[in-house]
Amino acid sequence: MGWGVVEEISGVAKLVDCGAIRASDKDFARRMGTIFKELDAIVRLHKPTVAAVENVFTAKNPASALKLGQARGVALAACAAHDVDVFSYEPTKIKQTIVGGGRAAKEQVAFMVAQILGVKQPKWALDTSDALAAAVCHLNTSRYAKYL
């Protein structure tokens with residue numbers, strides 16, 4: 001699971017920190033516990049005021065969609081435990097905001113996120129760029145919502 005922390009300074013998105021959580025335990029409940037503990041530590045460290053998450057898409061495999069949904073629920077719980085407001089976005093909305101097209105490849109999203117955040121040669125996982133894309137999408141969406 002990717003995660004990223006960005007901030008907006010004078011209208012410019014800046015990378016604060018990012019990474020990926022790799023829970024490798026064979027027991028599913030323990031993997032969810034690892035995700036919760038690591039996200040809890042990240043929220044404690046960075047003290048975000050809001051979080052942006054991707055809505056679970058309908059996967060071809062229902063079991064995969066269920067597991068993704070459970071991991072998303074763990075992320076929501078970690079944020080809620082610290083009173084962090086969470087905003088959810090459809091994957092197509094995130095891609096549209098970042099790349100200009102809702103069907104963009106992960107590599108295109110990663111490239112544009114790096115450009116937006118001013119990172120020259122990112123060494124993060126594609127899951128991390130997805131998380132950063134959700135954060136940047138929220139920054140853009142909330143900025144425009146002020147004028148509606």
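In the predicted model, Ser10 counts as exposed, at 74% relative accessibility, and this residue is placed in the loop between S1 and S2. The backbone of Ser10 has a phi near 50°, a positive value in a residue other than glycine. A second residue of this kind is Lys47, whose phi is likewise near 50° and positive although the residue is not glycine. Lys47 belongs to the loop between H1 and S3, and with a relative accessible area of 61% it is exposed, because that value lies over the 50% cut-off. As general background, most residues other than glycine have a negative phi.

Salt bridges were examined next. Side chains of opposite charge can pair when their charged atoms come close, and the count for this model comes to 3 salt bridges. One of them joins Asp127 and Arg22, with the closest N and O atoms 3.2 Å apart. Since Asp127 is part of helix H5 whereas Arg22 sits in the loop between strand S2 (12-20) and H1, this pair ties together parts of the chain that are 105 residues apart in sequence. Asp127 itself is partly exposed, its relative accessible area being 31%.

Another salt bridge is formed by the side chains of Lys106 and Asp130, for which the N to O distance is 2.1 Å. This pair, too, links distant parts of the chain, with Lys106 in helix H4 (residues 106-117) and Asp130 in helix H5, 24 residues apart. The two partners fall into separate accessibility classes: Lys106 counts as partly exposed at 35% relative accessibility, whereas Asp130 is buried, with a relative accessible area of 16%. The assignment of Asp130 as buried follows because its value is under the 20% cut-off.

The side chains of Arg44 and Asp40 also meet in a salt bridge, at 2.8 Å from N to O. Here both residues belong to helix H1, and because they are 4 residues apart in that helix, they are separated by about one helical turn. Within this pair, Arg44 is exposed, with a relative accessible area of 51%, while Asp40 is buried, with a relative accessible area of 13%. The value for Arg44 lies over the 50% cut-off, and the residue is therefore classed as exposed rather than partly exposed. From Arg44 to Lys123, which are 79 residues apart along the chain, the separation of the C-alpha atoms is 24 Å.

The largest pocket of the model contains about 1300 Å³ of space. Its lining comprises 45 residues, of which Gly2, Trp3, Ala52, Val53 and Ala131 are the closest to the pocket centre. Two or more lining residues are given by each of strand S1 (2-9), helix H1 (28-46), S3, H2 and helix H5 (126-145). Among the contributors, H1 supplies the largest share of the lining, with 8 residues. In terms of residue class, the lining of this pocket divides into 30 nonpolar, 6 polar and 9 charged residues. Helix H1, which gives this largest share, is also the helix that holds the paired residues Arg44 and Asp40, and helix H5, likewise named among the lining elements, holds Asp127 and Asp130.

On the surface, Val56, Phe57 and Leu68 make a nonpolar patch of about 240 Å². Val56 is located in the loop between strand S3 (50-54) and helix H2 (62-80), and with a relative accessible area of 33% it is partly exposed. Because membership of a patch requires over 30% relative accessible area, the 33% of Val56 satisfies this condition.

Helix H2 also contains Gly73, which counts as partly exposed at 33% relative accessibility. The C-alpha atoms of Gly73 and Lys60 are separated by 20 Å, the two residues being 13 apart along the chain.

Conventions
Residues numbered from 1 in each chain as written. Predicted model: local features only at pLDDT ≥ 70, side-chain atom pairs only at ≥ 80, totals over all residues. Heavy atoms only, no water. Patch = residues over 30% accessible without salt bridge, like charges linked within 9 Å, V, L, I, M, F, W, Y side chains within 5 Å. Areas by Shrake-Rupley, 256 points an atom, 1.4 Å probe, with all protein chains shown as cover. Salt bridge = Lys/Arg side-chain N within 4 Å of Asp/Glu carboxyl O. Buried < 20%, exposed > 50% of the residue type's maximum accessible area, 1.4 Å probe, protein only. 1 Å grid on protein atoms, 1.4 Å probe; cavity = no way out; pocket = protein on both sides within 12 Å on 5 of 7 lines; lining within 4 Å. Points joined across faces, edges and corners; volume = space filled by probe spheres on them. Nonpolar A, V, L, I, M, F, W, Y, C, P; charged D, E, K, R; others polar.
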